[in-house]
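Let's take a friendly walk through a protein model, one region at a time. Keep the structure open and look for each spot as you read.

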Amino acid sequence: MKFLIASDIHGDLESANNVISRFAEEGCDRLLLLGDILYHGPRNDLPEHYNPKSVISLLNKYRNIILAVRGNCDTEVDQMVLPFPCMADYAMVEADGVMLYLTHGHLYGPDCLPPLQPGTVFLSGHTHVKLDKTVNGIRCLNPGSVSIPKDGSHSCLVFENGIFRFCTWEA
């Protein structure tokens, strides 16, 4: 299985298109979204290409390959317009012999991990900053943000054959 892992689209159509383009270019099987899909929230500036209705239309075409978790800017209203589940606080997926724990990062994070077995990979977004560090035997990865990066480059992760790789592009 090959996954593209992205977070924090925040309703930005250009960013959503970049995610789908990367997904296709990489030949991925599944798209894992770590929350904050449609709205920007009160702490973020409005993304330049903010168009949540068009993001809905785009992502709905890929409903059968998306696994999403809820971000702090996601609400029950989002579930009414997105045909794939997106309201769970976390999901667990096993792929290539690796257990992946997916969450947004506003409830749990590298400094406050849920009870996980060593060797699990903890995937979260929320901070809009790329991260790859190990805490007590748990690898913590953050793909950064595809729409509002706070570290200089838009980014996502690709997972294949047990290996993670960042994909970046300039803001």
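## Two aspartates with a positive phi

Asp36 is buried in this predicted model, because its relative accessible area is 2% and buried means under 20%. You can find Asp36 in the loop between S2 and H2. Its backbone is worth a look too: Asp36 is not a glycine, yet it has a positive phi of about 55 degrees.

Now turn to Asp96, which sits in the loop between S4 and strand S5 (98-103). Asp96 is not a glycine either, and its phi is positive as well, at about 50 degrees. Is Asp96 buried or partly exposed? With a relative accessible area of 37%, Asp96 is partly exposed, since that value lies between the cut-offs of 20% and 50%.

## Tyr39 and its contacts

Go back to the loop between strand S2 (30-33) and helix H2 (52-60), and you will find Tyr39 there. Tyr39 counts as partly exposed because its relative accessibility is 31%, between the limits of 20% for buried and 50% for exposed.

Which residues does Tyr39 touch, leaving out those up to four places away in sequence? The answer is His10, Gly11, Tyr50, Pro52, Cys73 and Asp78. For another view, try finding Cys167: Tyr39 and Cys167 are 128 residues apart in sequence, and their C-alpha atoms are 23 Å apart in space.

## A nonpolar patch on the surface

Next, look for Val77, Met80 and Val81, which make a nonpolar surface patch of about 310 Å². Val81 belongs to helix H3, which covers residues 76-81.

How can Val81 take part in a surface patch? Patches are made of residues with over 30% relative accessible area, and Val81 qualifies on this point because its value is 36%. That value also makes Val81 partly exposed.

## The open sheet

Finally, trace the sheet. Its 5 strands form an open sheet in the order S4-S5-S6-S8-S7, and the pairing is mixed. Which strands are at the edges? They are strand S4 (90-95) and strand S7 (130-135), each of which pairs on one side only. On average, neighbouring strands of this sheet are turned by 20 degrees against each other, with direction ignored.

Inside that order, follow strand S6 (residues 121-123) and strand S8 (residues 138-143): they run parallel and are joined by 3 bridges. To spot one of these links, start at Val121 and look for Arg139, its bridge partner in S8.

Conventions
Residues numbered from 1 in each chain as written. Predicted model: local features only at pLDDT ≥ 70, side-chain atom pairs only at ≥ 80, totals over all residues. Heavy atoms only, no water. Patch = residues over 30% accessible without salt bridge, like charges linked within 9 Å, V, L, I, M, F, W, Y side chains within 5 Å. Areas by Shrake-Rupley, 256 points an atom, 1.4 Å probe, with all protein chains shown as cover. Salt bridge = Lys/Arg side-chain N within 4 Å of Asp/Glu carboxyl O. Helix = DSSP H or I, 4+ residues; strand = E, 2+ residues; numbered from the N terminus. Buried < 20%, exposed > 50% of the residue type's maximum accessible area, 1.4 Å probe, protein only. Pairing = 2+ DSSP bridges. Axes fitted to C-alpha atoms, helices over the stretch in contact; angles between N-to-C directions. Contact = heavy atoms within 4.5 Å.
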